[in-house]
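Grab a pencil and work through these exercises one by one. Try each task on your own before you read its solution.

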Amino acid sequence: MSNLLIKWFVKDCENVKDETVRQRYGVVAGAVGIFCNLLLASIKVVLGILTGAISIAGDAVNNLSDSLSSIVTLVGFKVSGKPADREHPYGHGRAEYIAAFIVAAAVVAIALELLKSSVSSIMHKGEIDVRPVTIVILICTILVKFWMAHFYTMVGNRIHSEVTKAAAMDSRSDCIITGVALISVTLVLLFDINIDGYAGALVALFVIWSGLKSAKETIEPLLGSAPDPELVQEIEDTAKAHPEILGVHDLRVHEYGPSRRIASLHAEISCEVGMIRAHEIVDAIEREIVEKHLVNEITIHTDPVDLKDRDRTKLENKAMEVLRNLGVKEVHDFRLLKTRDGERLVFDAVVGYETNITEDMIKGALLDELSTEHPDLTITLQLDKA
């Protein structure tokens, strides 16, 4: 069923890297959500009125909010698919994250109202009229939601869409919500035990938790979350596969939407290679990384390394021992400059976010170790955290 829908409505569905194809996936997912959730909400509104069960009525409101969320999802995909323009040179891809956050906020707001109604129901219990057909209908709605969760998961994984994955999680949560309502009305039908208010409160709390979790996951890319370690490793491995590359560092990946990544990287190359040849090498690496669809665009900066400078090499070996003992994770751009006032050591150091190492601590430790052989040594360093 899921694959059939995709084949019918998404032309060239295998080409998920294409922005137009990706947008079609989003439109289909949004349309499925609107239709199914409106249908389920209508059925549960009627059931809620006929039975008087607040857990079913709350579930109906939840499905109605899901249909509104699907509309927001649809709009989000439409906006995120717009090309770059003068005001938005990196495209509109982050609109999808904003849409996902709106979905999560709407879910939490509806759940709070449901919680309020449930507490009122616990304090003032009303009569519930349940028929066997009610049980059958609720089971059917759970099956529909199971299918929707599967469909959203498939689409979300194919096009790497956080908003669609959030919809899948919401559909799975809805299965549990409707399941709680089902248990509640079944107890009324079989044993005349009314726990409807408690069931409604449990449903509300679960929805609130799911909504807050979804909100956190969708807002992280807007705040600038760390890139996928596998992506980082593959980019670095692609660059290092070229024999002229001595090392890479300072990889930065900026995400402007699920299908828009821009990166920058520093690559160390022997100064003997020459500027023109070095430019040709990094140009080839940039094209290779983009052709692998790791990112949409990458800029590589070349750092020349003088492999024949024995003084620098000897000094670097001694300095590295000190730096490793301090807990420095990485050192790059290591240079020894001869000046009129003596020698100046310049490098960049990377330490973990959890460490309290400072620039002064590093300089002090290095000068204690190196000043005997290099009495006029000064140190300039850039300290980063990773």
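**Exercise 1. A patch on the surface**

Which residues form a nonpolar patch on the surface, and about how much accessible area do they have together?

*Solution.* Keep in mind that you're looking at a predicted model.
- Step 1: Pick out the members, which are Leu68, Ile71, Val75 and Val79.
- Step 2: Take their accessible area together, and you get about 320 Å².
- Step 3: Place one of them in the fold: leucine 68 sits in helix α3, residues 54-80.

**Exercise 2. Leucine 68 up close**

Does leucine 68 count as buried or exposed, and why?

*Solution.*
- Step 1: Look up the relative accessibility of leucine 68, which is 51%.
- Step 2: Recall the cut-off: exposed means over 50% relative accessible area.
- Step 3: Put the two together: leucine 68 counts as exposed because its relative accessibility is 51%.

**Exercise 3. Hunting for cavities**

How many cavities of 30 Å³ or more does a search of the whole structure find? What lines the largest cavity?

*Solution.* Here's the idea behind the search: rolling a probe the size of a water molecule over the atoms shows where empty space is left.
- Step 1: Count the hits, and you get 2 cavities of 30 Å³ or more.
- Step 2: Start with the largest cavity, whose volume is about 130 Å³.
- Step 3: Check its lining of 15 residues, where Asp66, Ser69, Ser70, Tyr152 and Ala167 are the closest to the centre.
- Step 4: Ask which elements give two or more residues to this lining: they are α2 (19-51), α3, α5 (132-159) and α6 (162-191). The largest share, 5 residues, is from α6.
- Step 5: Sort the lining of the largest cavity by class, and you have 6 nonpolar, 6 polar and 3 charged residues.

**Exercise 4. The second largest cavity**

Which residues line the second largest cavity?

*Solution.*
- Step 1: Note the volume of the second largest cavity, about 60 Å³.
- Step 2: List its lining: Val103, Ala104, Val107, Ala166, Met169, Asp170, Ser210, Gly211 and Ser214.
- Step 3: Match that lining to elements. Those giving two or more residues are α4 (95-123), α6 and α7 (196-223).
- Step 4: Sort the lining of the second largest cavity by class: 5 nonpolar, 3 polar and 1 charged.

**Exercise 5. A pocket**

Which element gives the most residues to the lining of the second largest pocket?

*Solution.*
- Step 1: Get a feel for the second largest pocket, which holds about 650 Å³ of space.
- Step 2: Look at its lining of 21 residues; Leu251, Arg252, Tyr353, Lys385 and Ala386 are the closest to the centre.
- Step 3: Find the elements giving two or more residues to this lining: α8 (229-240), β1 (245-255) and β6 (377-385).
- Step 4: Name the top contributor, β1, with 7 residues.
- Step 5: Finish with the classes in this pocket's lining: 10 nonpolar, 4 polar and 7 charged.

**Exercise 6. Two aspartates with a twist**

What is the phi of aspartate 250, and what is the phi of aspartate 333?

*Solution.*
- Step 1: Start from the usual case: most residues other than glycine have a negative phi.
- Step 2: Read off aspartate 250, which has a positive phi of about 55°. Then read off aspartate 333, with a positive phi of about 55°.
- Step 3: Place them: aspartate 250 belongs to strand β1, while aspartate 333 belongs to strand β4, residues 330-339.
- Step 4: Decide on burial, where the cut-off is under 20% relative accessible area. Aspartate 250 counts as buried because its relative accessibility is 17%. Aspartate 333 is buried too, with a relative accessible area of 17%.

Terms used: Residues numbered from 1 in each chain as written. Predicted model: local features only at pLDDT ≥ 70, side-chain atom pairs only at ≥ 80, totals over all residues. Heavy atoms only, no water. 1 Å grid on protein atoms, 1.4 Å probe; cavity = no way out; pocket = protein on both sides within 12 Å on 5 of 7 lines; lining within 4 Å. Points joined across faces, edges and corners; volume = space filled by probe spheres on them. Helix = DSSP H or I, 4+ residues; strand = E, 2+ residues; numbered from the N terminus. Nonpolar A, V, L, I, M, F, W, Y, C, P; charged D, E, K, R; others polar. Patch = residues over 30% accessible without salt bridge, like charges linked within 9 Å, V, L, I, M, F, W, Y side chains within 5 Å. Areas by Shrake-Rupley, 256 points an atom, 1.4 Å probe, with all protein chains shown as cover. Salt bridge = Lys/Arg side-chain N within 4 Å of Asp/Glu carboxyl O. Buried < 20%, exposed > 50% of the residue type's maximum accessible area, 1.4 Å probe, protein only.
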